[in-house]
Amino acid sequence: MKGDVTLRKIKADDREEFFAMSRDFYICGAAHAPIPEENRLNFWNEVLSSEFINGYIIECDDEVAGYALIAYYASQEFGGKTAFFDELYIKPAMRRRGIGKKIFEFVEKSGAVACRLEVEKTNTRALKLYRALGYEEFDYIQMSKKFR
């Protein structure tokens, strides 16, 4: 079927493809700044062995279209299991096919009661999609501190 989108768990064989897409994600304006290769490698080891993050390869018509990194946690604010999109990347040649929308449909069916995400203010295409899907901006500031 044309336009068939599937998600499959990332596996060790996906490393080179994932790294190439991740490098593009971090320089294309979707992320705040590029990351060191050491971060990418440390994350790769975590995603292959961890319960904290779910890594998926997105395929469309049996072709790799991108990846999704989704963490789940319990939120009192939302009243239960909450999905957090750490990253969502669709290859440029695969965009504007409805793939992103289908990924969000997958998350809505995952048993989570809500979903959170981050987006750069300048990523207008992603903002338009998220707003069209019903996502709203918070009035508070998200903060972080790196320990290592």
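The crossing of helices H1 and H2 is right-handed. By class, the residues where H1 touches H2 comprise six nonpolar, one polar and four charged ones. Keep in mind as you read that this is a predicted model.

**How the two helices meet**

Let us look at that crossing in more detail. H1 covers residues 15-27 and H2 covers residues 37-49; they pack at an angle of about 135°, and their axes are 11 Å apart. H1 and H2 are therefore oblique to each other. Which residues make the contact? On the H1 side you will find Arg 15, Phe 18, Phe 19, Ser 22, Arg 23 and Tyr 26, and on the H2 side Glu 37, Arg 40, Leu 41, Phe 43 and Trp 44.

**Trp 44 and Asp 14**

Now pick out Trp 44, which sits in helix H2. Is Trp 44 buried or exposed? Trp 44 is buried, because its relative accessible area is 3%, and buried means under 20%. Apart from neighbours within four places in sequence, Trp 44 is in contact with Ile 10, Lys 11, Ala 12, Asp 14, Arg 15, Phe 18 and Phe 19. One of these partners, Lys 11, is 33 residues away from Trp 44 in sequence, with 9.9 Å between their C-alpha atoms.

Another partner of Trp 44 is Asp 14. Asp 14 belongs to the loop between strand S1 (5-9) and H1. Asp 14 is buried too, with a relative accessible area of 8%. Leaving out neighbours within four places in sequence, Asp 14 is in contact with Arg 8, Lys 9, Trp 44 and Ile 57.

**Distances along the chain and in space**

The table sets out three pairs of residues, with C-alpha to C-alpha distances.

| Pair | Apart in sequence | Apart in space |
|---|---|---|
| Trp 44 and Lys 11 | 33 residues | 9.9 Å |
| Asp 14 and Tyr 56 | 42 residues | 10.0 Å |
| Ala 20 and Gly 79 | 59 residues | 37 Å |

Ala 20, from the last row, is in helix H1. With 44% relative accessibility, Ala 20 counts as partly exposed.

**The nonpolar cores**

In soluble globular proteins, nonpolar side chains tend to be buried together. Here, the largest nonpolar core has 21 residues, and the members that touch the most others are Ile 58, Ala 68, Ile 70, Phe 85, Leu 88, Ile 99 and Ile 103. Which elements supply at least two residues each to this core? They are strands S2 (54-60), S3 (63-75) and S4 (80-90), together with helices H3 (99-108) and H4 (124-132).

A second, separate core has 17 residues, among them Phe 19, Ala 31, Tyr 67 and Ala 71. Phe 19 is also one of the H1 residues that meet H2.

Back in the largest core, Phe 85 is a good residue to click on. Setting aside neighbours within four places in sequence, its contacts are Ala 68, Leu 69, Ile 70, Ile 103, Phe 104, Val 107, Cys 115, Arg 116, Leu 117 and Glu 118.

**Two loop residues with positive phi**

Most residues other than glycine have a negative phi. Asp 62 has a phi near 65°, a positive value in a residue other than glycine. Where is Asp 62 found? Asp 62 is in the loop between S2 and S3, and it is exposed, with a relative accessible area of 77%.

Arg 96 also has a positive phi, near 65°. Arg 96 lies in the loop between S4 and H3. At 73% relative accessibility, Arg 96 counts as exposed.

Terms used. Residues numbered from 1 in each chain as written. Predicted model: local features only at pLDDT ≥ 70, side-chain atom pairs only at ≥ 80, totals over all residues. Heavy atoms only, no water. Axes fitted to C-alpha atoms, helices over the stretch in contact; angles between N-to-C directions. Helix = DSSP H or I, 4+ residues; strand = E, 2+ residues; numbered from the N terminus. Parallel < 35°, antiparallel > 145°, perpendicular 65-115°, else oblique. Left-handed = near helix turned anticlockwise from the far one by under 90°. Contact = heavy atoms within 4.5 Å. Nonpolar A, V, L, I, M, F, W, Y, C, P; charged D, E, K, R; others polar. Core = buried A, V, L, I, M, F, W, Y, C linked by side-chain atoms within 4.5 Å. Buried < 20%, exposed > 50% of the residue type's maximum accessible area, 1.4 Å probe, protein only.
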